[in-house]
Amino acid sequence: MIEIYCGDGKGKTTASVGLAVRGAGHTIKVIFMQFMKGDSSGEIAVLRKIPCVSVYHTPVFYGFVKNMTDEQKWEMRGHYTRLIEKAYEEIKNVNGEKMIIILDEVIHACNYGLLKEEELLNLIDGCPENIEIVLTGRNPSDELVKRADYISEVKKIKHPFDRGIMAREGIEL
């Protein structure tokens, strides 16, 4: 099954982390891959401590795409392609057992051209039925929407950022 958590509200990553915890609680192998974020998000430290959960992210993070140089964008494309390749490796080694693959903020990576959506679609299309794939981010493409079995939208009604309050450690970070 393919799940998408999308929208402009806070909670997409939080929902995917909740699913990771639920799956691990049933001894299901969980692969949690983060795109568009550094490794300092609070959930990463906790997920790494949970048996059955493996966390992957890029070795570098340059912040907002609008502030990246063309060279940094090129470098991120390579890192994100390698994350997708790692997901393929994990799928090959699962041997028919259940597994959850969470690709946090992968939709953003595609929308900003840091990952070819075709690479993501190929992963989804080649995934066996025992694998649950979760995608998060804003504005999924029509192709992603077509392939999804679940789509949950997190809608922003009000957010402190609109008043100039930046992300707070332990709450948004």
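The following paragraphs lead through the sheet, the helices packed on it and several individual residues of this structure. The model is predicted.

The sheet is the natural starting point. Six strands make up an open sheet with parallel pairing, and their order is S3-S2-S4-S5-S1-S6. Its edges are formed by strand S3 (53-56) and strand S6 (150-153); each has a single partner strand, so one side of each is left without a neighbour in the sheet. From one strand to the next, the twist averages 15°.

Beginning at the S3 edge, S2 and S3 run parallel and are joined by four bridges. Within this pairing, Val 30 has Val 53 in S3 as its bridge partner. The two faces of S3 can be told apart: Val 53 and Val 55 belong to a covered face, whereas Ser 54 and Tyr 56 belong to an uncovered one. The residue Val 53 thus appears both in the covered face of S3 and as the bridge partner of Val 30.

On the S4 side, S2 pairs with strand S4 (residues 99-104) in the parallel sense, over six bridges. Ile 31 has Ile 101 in S4 as its bridge partner, and Gln 34 stands opposite Asp 104 in S4. Strand S4 is mostly covered, with six of its six residues buried. Met 99, Ile 101 and Leu 103 point one way from the strand, while Ile 100, Ile 102 and Asp 104 point the other way, and all are buried. S4 is in turn joined to S5 by five bridges, and these two strands run parallel. There, the bridge partner of Ile 100 is Glu 132 in S5.

Two helices can now be placed against this sheet. Helix H3 lies across S2, S3 and S4 and runs at about 175° to S2. Helix H5 (residues 117-125) also packs on the sheet, where it touches strand S1 (2-6), S4 and strand S5 (131-136); the direction of H5 makes about 155° with that of S5. Strand S4 is therefore touched by H5 and is one of the strands that H3 lies across.

The two helices also pack against each other, at an angle of about 10° and with their axes 10 Å apart. H3 and H5 are therefore roughly parallel to each other. On the H3 side, Thr 81, Ile 84, Ala 87, Tyr 88 and Ile 91 take part in the contact, and they meet Glu 119, Leu 120, Asn 122 and Leu 123 in H5.

Helix H3 is also involved in an aromatic pair, the one such pair found in a search of the whole structure. Phe 35 and Tyr 80 form this pair, with a centre-to-centre separation of 5.0 Å and 55° between the planes, and the arrangement is tilted. Phe 35 lies in the loop between strand S2 (29-34) and helix H2 (42-47), and Tyr 80 lies in helix H3 (residues 70-92), so the pair ties together parts that are 45 residues apart in sequence. Phe 35 counts as buried at 0% relative accessibility, and Tyr 80 likewise counts as buried, at 1%.

The loop between S2 and H2 also holds Met 36. Its phi is near 65°, a positive value in a residue other than glycine. Most residues other than glycine have a negative phi. Met 36 is buried, with a relative accessible area of 16%. A second residue of this kind is Cys 52, which has a positive phi of about 85° although it is not a glycine. Cys 52 lies in the loop between H2 and S3 and is partly exposed, with a relative accessible area of 31%.

The loop between S3 and H3 contains Gly 63, which is partly exposed at a relative accessible area of 23%. Gly 63 and Met 36 are 27 residues apart along the chain, and their C-alpha atoms are separated by 7.6 Å. A side-chain arrangement involving a charge occurs at Phe 64, where Lys 66 lies over the face of the ring, at 5.8 Å from the ring centre. Further along, Gln 72 is found in helix H3. Residues up to four places away in sequence not being counted, Gln 72 touches Tyr 62 and Asn 67. The C-alpha atoms of Gln 72 and Ser 40, 32 residues apart along the chain, are separated by 19 Å.

Notes. Residues are numbered from 1 along each chain as its sequence is written. This is a predicted model: local features need pLDDT of at least 70, side-chain atom pairs count only at pLDDT 80 or more; totals for chains, interfaces and linings use all residues. Side-chain values use heavy atoms; hydrogens and water are left out. Rings of Phe, Tyr and Trp (its six-membered ring) pair if their centres lie within 6.5 Å; planes under 30 degrees apart count as stacked, over 60 as edge-to-face and the rest as tilted. Buried means under 20% relative accessible area, exposed over 50%, partly exposed in between (1.4 Å probe, protein chains only). A charge sits over a ring if NZ of Lys or CZ of Arg is within 6 Å of the ring centre and within 35 degrees of the ring normal. Two strands pair if DSSP finds at least two bridges between them. Axes are lines fitted to C-alpha atoms, for helices over the stretch in contact, and angles run from 0 to 180 degrees between N-to-C directions. Contact means heavy atoms within 4.5 Å. Angles under 35 degrees count as roughly parallel, over 145 as roughly antiparallel, 65 to 115 as roughly perpendicular and the rest as oblique.
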